[in-house]
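User: Hey, got a minute to go through a model with me? I'd like to hop between a few spots in it.

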Amino acid sequence: MKDNLFSDFDSVSAKQWKQKIQFDLKGADYNETLVWKTNEDILVKPFYHSDDIDEIPEVSSTKATQWKICQSIFVADVKKSNLKAIDVIKRGTESILFILPTEDIPINDLLKNIDLNETVIRLDPLFISEKFVKTIPNNSGIEINTDIIGNLAKSGNWYANLKDDFQNFGNIVKITNSFSVETSLYQNAGASIVQQLAYALAHVNEYLNNFENSEIKPTSLKVTFIVSVGTNYFFEIAKLKALRKLWNSLISEYKIDEDCMILAIPTKRNKTIYDYNTNMLRTTTECMSAILGGTDTICNLPYDAIYHKNNEFGERIARNQLLIIKNESYFDKVDNPADGAYYIESLTNQLAEKALDLFKNIEANGGFLKQLKEGTIQRKIKESANKEQQLFDSGEEILLGTNKHPNNNDKMKNELEIFPFVKTNQRKTLIEPIIEKRLAENLEQKRLKNEK
């Protein structure tokens, strides 16, 4: 057998492929018929060729075989949360994300009988406290989500005030040598992929700029981006690859030699209460995109998370989705599977270039914090969200079972254990908060009102 099976065939250029397509179109315009533009103003072509890539990129440094299955646990009761963590670890979970509502939680009790050498533990405190961080055992490998700007963007307020928050943030980073950047808020609020990437870069740059004027030396900082992944399969793969590319470009300016970590979570924006089992299909493809894009950890979203309280069945299904992907679909067998795909490489480059332009514009106009305070970021996200909402309302953007092929016999009024819509809570805030909103909310509210 010949070493090269294709040596007997002449290579075909992109120009030749296009000529063949135009011939088959029988006079129809190539660009109008087969090329379409996305919300990110990216032109998607019917085929991609090596001629489209100026330079074949280097192999990614991330290893797709090393991604971890994560489960989040809200710590309302320390003993119950500890026992639950031990149980889900036995069932295949490789990482635990503990959400901590208060700083009065005894960490040693929460981590009792958990092997920290086998299970990655991440803490997500809903507060900022240097005192609490000091209670965490040294050299435990525990990771902590610390993001004061993310809290400001979501709540509209600092924990205390700008000065104290940055002081506490800096002290915690000195202890942990790490921090997180919560970008899932932007996606869940309706930001475009380009906006998500640019805001993530501008967000983290606020911290890196601040460190230059402090005692913190950012050369070996460990930074984790918390990212929401949507259903646009190939674009979401490219989004994560573009995020790493942009991070590597940024850290070269700060002499940082650490790659970023990515914690991926399926988006809430396209999830529905009607025909809710479809949410499992959505989260499956979203998790697959995250893996192919090079995420380090995935925390899956239960299919009923938007309308049910935490429950064992929904969490088990979400965990089993990842176990099937990892152990039965061979998504832990191939490193860097998306590398070299011309379409994905083209999308990655275009998303990165457009995001970098937007990032530079943000920096030229005072930076991310300044634009948050002025309301510019919020306004831009709203514009993107409204554009997407109009596409959904007109039926151009489809959610099966909701605005396409709905089951009119589906009743949900008595199934709602938690309020699945945007909550209005009038309060005074320093800035306008960025509000998460699902695409199907208005339609679902009308259906609920008409249920008999």
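User: Let's begin with Thr429. Where in the fold is that residue found?
Analyst: Thr429 sits in the loop between helix 15 (376–393) and helix 16 (441–450). Keep in mind that this is a predicted model.

User: Is Thr429 buried, exposed or partly exposed?
Analyst: Partly exposed, with a relative accessible area of 26%.

User: And which residues is Thr429 in contact with, leaving aside neighbours within four places in sequence?
Analyst: Ser155, Gly156 and Asn157. Trp158 is also worth a look: its C-alpha atom and that of Thr429 are separated by 9.1 Å, with the two positions 271 residues apart along the chain.

User: What does the side chain of Thr429 reach?
Analyst: The backbone oxygen of Ile431, at 2.8 Å.

User: OK, Ser155 belongs to helix 6, right around there. How many residues of helix 6 are buried?
Analyst: Seven of the eight in helix 6 (residues 148–155), so that helix is mostly covered. The buried ones are Ile148, Ile149, Gly150, Asn151, Leu152, Ala153 and Ser155.

User: What covers them?
Analyst: The cover includes helix 7 (162–176), helix 8, helix 9 and helix 14 (368–374).

User: And what caps the N-terminal end of helix 6?
Analyst: Asp147 does that, with a side-chain oxygen 3.4 Å from the backbone nitrogen of Ile149. After the helix comes Gly156, which has a positive phi near 90°.

User: Switching to aromatics. How many aromatic pairs does the count come to?
Analyst: 19 aromatic pairs. Take Phe127 and Phe132: their ring centres are 5.4 Å apart and the planes are at 85°, so that pair is edge-to-face. Phe127 and Phe132 are both buried.

User: You mentioned helix 8 and helix 9 earlier. Which aromatic pair links those two?
Analyst: Tyr186 in helix 8 (residues 184–189) with Tyr199 in helix 9 (residues 193–212), 13 residues apart. Tyr186 and Tyr199 are edge-to-face too, at 5.8 Å centre to centre with 80° between the planes. Both tyrosines, Tyr186 and Tyr199, are buried.

User: Which residues do ring pairs link into a cluster?
Analyst: Trp158, Phe166, Phe169, Phe179, Tyr207 and Phe211. That's the Trp158 we met when looking at Thr429.

User: Nice. Which charged residues lie over the face of a ring?
Analyst: Lys326 lies over the face of Trp67, 4.4 Å from the ring centre. Arg447 does likewise over Tyr274, at 3.8 Å from the ring centre.

User: Lys326 is in helix 12, I think. Which residues of helix 12 are buried?
Analyst: Gly314, Glu315, Ile317, Ala318, Arg319, Gln321, Leu322, Leu323, Ile325 and Lys326. These buried residues pack against strand 3 (68–74), helix 3 (78–90), helix 11 (278–293) and strand 10 (297–299).

User: What span should helix 12 have, and how far apart are its end C-alpha atoms?
Analyst: Helix 12 (residues 312–327) has 16 residues, so at 1.5 Å a residue it should span 22 Å. The end C-alpha atoms are 21 Å apart, which agrees.

User: Cysteines next. How many disulfides does a search of the whole structure find?
Analyst: Zero. For Cys260, the nearest cysteine sulfur is that of Cys70, 17 Å away. Cys299 is in no disulfide either, and its nearest cysteine sulfur, again that of Cys70, is 4.0 Å away.

User: Why does that Cys299 distance not count as a disulfide?
Analyst: Because the sulfur atoms have to be within 2.5 Å, and here the separation is 4.0 Å.

User: Are Cys260 and Cys299 buried or exposed?
Analyst: Cys260 counts as buried at 2% relative accessibility, and Cys299 counts as buried at 4%.

User: Last topic, backbone. Which residues other than glycine have a positive phi?
Analyst: Asn113 is one of them, with phi near 65°, and Asn336 has a positive phi of about 50°.

User: Where do those two lie, and are they buried or exposed?
Analyst: Asn113 lies in the loop between helix 4 (107–110) and strand 5 (120–125), and is exposed, with a relative accessible area of 67%. Asn336 lies in the loop between helix 12 and helix 13 (342–364) and counts as buried at 12% relative accessibility.

How values were computed
Residues numbered from 1 in each chain as written. Predicted model: local features only at pLDDT ≥ 70, side-chain atom pairs only at ≥ 80, totals over all residues. Heavy atoms only, no water. Phe/Tyr/Trp six-rings, centres within 6.5 Å; stacked < 30°, edge-to-face > 60°. Buried < 20%, exposed > 50% of the residue type's maximum accessible area, 1.4 Å probe, protein only. Helix = DSSP H or I, 4+ residues; strand = E, 2+ residues; numbered from the N terminus. Lys NZ or Arg CZ within 6 Å of the ring centre and 35° of its normal. Expected span 1.5 Å × (residues − 1). Contact = heavy atoms within 4.5 Å. Polar contact = N/O pair within 3.5 Å; in protein donor to acceptor, adjacent residues only side chain to side chain.
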